[in-house]
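Hi,

Here is the structure I said I would pass on to you. Have a look at it first, and then read on for my notes on what turned up.

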Amino acid sequence: MEETPSLLKRASTDKLREVFLKYASLQKDGEHYMTSEDFVRKFLGLFTDSAFNDESVRLLAGIADTSKDGLISFPEFQAFEGLLCAPDALYRTAFQLFDRQGNGTVSYADFADVVQKTELHSKIPFSLDGTFIKRYFGDKKQRLINYAEFTQLLHDFHEEHAMEAFRSKDPAGTGFISPLDFQDIIVKVKRHLLTPDVKDNLLAVTEGHRVSFPYFMAFTSLLNNMELIKQIYLHATKGSRTEMVTKDELLYAAQTMSQITPLEIDILFQITGAVNQPGRIDYSDLSNIGPEHYTKHITHRLAEIKAVDSPSDRSALIQVLEATYRFTLASFAGATGATVVYPIDLVKTRMQNQRTGSMIGEVAYRNSWDCFKKVIRHEGILGLYRGLLPQLMGVAPEKAIKLTVNDFVRDNLSDKRGNIPVWGEVVAGACGGAAQVIFTNPLEIVKIRLQVAGEIAGGSKISALSVVRELGFLGLYKGARACLLRDVNFSAIYFPTYAHVKAALADKDGYNNPVSLLAAGAIAGVPAASLVTPADVIKTRLQVAARTGQTTYTGVWDATKKIMAEEGPRAFWKGTAARVFRSSPQFGVTLVTYELLQRLFYVDFGGNQPKGSQGKQPGLPLDATMGAEQPKPDHIGGYHAAVPLLTGIESKFGLYLPRFGRGAAAAAPAGTATGS
């Protein structure tokens, strides 16, 4: 589940005070206070190494310490929690970082003090006496900047820094720099906008030629406008994230956007051409180029494991572990879905087994609702769950095999962008359906015989074990052909439909919330369940033990002919409504459970992740910014976004502080942090 800061709910005062007192180590005049270390190291969980950078800790704590006395009181702690819930929390947090005096404005001295502490300034010094600074702070640098003005200053600062870096590499004023100088500037000035794919191909896109100033500016502008580029792509494809588009098609869609120039589109296709095959792009290409958004980190996960460092490290063992992981989660998901809808399944089975053409007296049930009421009346509530135990014993491997095989085949039929053609989706689904029959058929026949046993008044009680003994091993696979006919077609219809409905219900960032997953699963179940009902009727007739006077069947074709002759074509659609009402919600619950379990217990095996599981695709920045791990239980209300927002100050604005989290004495790269 993902949330943006503007959607975070405030924590109650009592709960905030309880958390505050837990970490406040200083008491003064009867009041409790947090020190800088209490707030940053203990509460936020950053800079936990013994060799931490004390100055960086004080600077970060100063964001919440509005009185600038080195201590954080409860009112300040609560006020910062409220700020983190604001729609513009990222900019406001950055503003308070620069507001060193706590008076609601930023002076030249405040701005220069923070800028001079950044790693970027140490590598490419910015002229703090230049015309850019004077335009904002005045010739005498005495003008104070308010919050609204500061947001524009912060936006313009990095563009000006990039131009100043270009001028420093072009002292002769030729308007050109070398490819190596271009790479050096981009890595240092725009590293917060770089993904691994872009960083690794900076020299490739220059093709060994000198880089002109217009090309340099277009390149940096493209990095800044990747979110806009994504919207242009979606406009060109009418919302599709898998349709391939050419440069001309994207240019045509971008002509209404004055911010995007043809040169930027040219550079975009140069980058994608260096990473993948040239000429056409889809949304995944843009996600690999566009920087990760800080809000992606505001997510709820109970566990997060990275099994491999990169897809190239996927060994046979890793793939086996991935299949085992999927199998386990799918087992829980299948059991959950089956339990929820089992009463509907029992009604469906009894309706399908009801013979209207056989000479055995009147029909027992007029319709599905009548069947439901009579089961409760004569057998009690528990009668609705007759046969549930063998169903649960089988539904785990059944659904697990179906989902695991479908995912495995989809992975192998997908291209390197993660896209799969419709025929590939159909084949993957069919393979999943065929694989499940190995487990489905024996359990289906036992379940069905237990479900219809209650129809015989005064009949002897039967158990799952007695059914197995009666049928024997080969008898457990009676009706397997019909089972294949039903399950292969069901899965071939269901999984492609689910994938496309799920994509259609995703938000503008491609993210599916639990409700959209449930809806997609339920909607896909309607055509899949209804269209294969004839095969389900035949399977049921073959697997149920015929009673005295009822027609017997020797196989699929024999059952088809006899049902048509004795009961007419409508008999093939018996229980359609009950089947849809059972299968549709069952698969909706199963799929939403399966996907949410993958989000809660996230393991990166280097393969394909379920689409729609993240608000932004994982185009990771060049550096791990602040080691933003999962929020602590004490990070309530707005504080749930605290660490991601502090990460955002780096990843969006490039304000990397030296030794940001590794410690003053450690010879480690700046820009990383150690969580607790």
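Let me start with two stretches that you can find by number. Over residues 86-121 the chain is 58% helix and 0% strand, and the C-alpha atoms at its ends are 30 Å apart. Residues 157-192 come out at 67% helix and 6% strand, with their end C-alpha atoms 14 Å apart. Why pick these two? UniProt, in an unreviewed entry, places the feature "domain: EF-hand" at residues 86-121 and 157-192.

One residue to click on there is His 158, which sits in helix 9 (residues 147-169). His 158 counts as buried because its relative accessible area is 5%, under the 20% cut-off. Leaving aside neighbours within four places in sequence, His 158 touches Leu 120, Val 189, Lys 190 and His 192, and also Phe 653 and Gly 654.

Before going further, a word on trust. This is a predicted model, with an average pLDDT of 80 for the protein and 83% of the residues scoring at least 70. Confidence is highest in strand 3 (residues 176-177), at a mean of 95, and lowest in strand 7 (residues 303-306), at 64. Over residues 1-6 the pLDDT is below 50, though this stretch still has 29 contacts in the model beyond near neighbours in sequence. The pLDDT is also below 50 over residues 660-676, where the model has 59 such contacts. Where pLDDT is low, the predicted coordinates should not be read in detail.

Now the overall picture. The protein has 28 helices and 8 strands. Of its 676 residues, 54% count as buried. If you take the contacts between residues at least 6 apart in sequence, 74% of them join residues at least 24 apart.

Two helices gave me something to write down. How many of the 11 residues of helix 3 are buried? The count is 8, so helix 3 is largely enclosed by the rest of the structure. The buried residues are Ser 56, Val 57, Leu 59, Leu 60, Ala 61, Gly 62, Ile 63 and Ala 64.

The other is helix 14 (residues 226-236), whose buried residues are Met 226, Ile 229, Lys 230, Ile 232, Tyr 233 and Leu 234. What do they pack against? The partners are helix 13 (213-224), helix 15 (247-254), helix 16 (262-275) and helix 17 (283-289), along with strand 5 (245-246) and strand 6 (280-281).

One of those buried residues, Ile 232, has a partner further along the chain: its C-alpha atom is separated by 9.4 Å from that of Thr 256, 24 residues away in sequence. Thr 256 belongs to the loop between helix 15 and helix 16. Is Thr 256 buried or exposed? Its relative accessible area is 64%, so Thr 256 is exposed, the cut-off being over 50%.

Next, a bit of backbone. Most residues other than glycine have a negative phi. Lys 238, just after helix 14, takes a positive phi of about 55°. Lys 238 is found in the loop between helix 14 and strand 5, and it is exposed, with a relative accessible area of 78%. Lys 68 also has a positive phi of about 55° although it is not a glycine. Lys 68 lies in the loop between helix 3 (54-64) and helix 4 (74-84). At 28% relative accessibility, Lys 68 counts as partly exposed.

Last, the empty spaces. The count comes to 8 cavities of 30 Å³ or more, and the largest has a volume of about 160 Å³. Which residues come closest to the centre of the largest cavity? Out of 18 lining residues, they are Glu 398, Lys 399, Arg 486, Arg 582 and Phe 587. Helix 20 (388-413), helix 21 (422-453), helix 23 (480-505) and helix 27 (576-600) are the elements that each give two or more residues to this lining. By class, the lining of the largest cavity has 10 charged, 5 polar and 3 nonpolar residues.

If you would like a place to begin, try the lining of the largest cavity around Glu 398 and Lys 399, then go to His 158 in helix 9.

Cheers

Key. Residues numbered from 1 in each chain as written. Predicted model: local features only at pLDDT ≥ 70, side-chain atom pairs only at ≥ 80, totals over all residues. Heavy atoms only, no water. pLDDT = per-residue confidence, 0-100. Helix = DSSP H or I, 4+ residues; strand = E, 2+ residues; numbered from the N terminus. Contact = heavy atoms within 4.5 Å. Buried < 20%, exposed > 50% of the residue type's maximum accessible area, 1.4 Å probe, protein only. 1 Å grid on protein atoms, 1.4 Å probe; cavity = no way out; pocket = protein on both sides within 12 Å on 5 of 7 lines; lining within 4 Å. Points joined across faces, edges and corners; volume = space filled by probe spheres on them. Nonpolar A, V, L, I, M, F, W, Y, C, P; charged D, E, K, R; others polar. UniProt positions renumbered as here; feature names shortened; annotations may be inferred.
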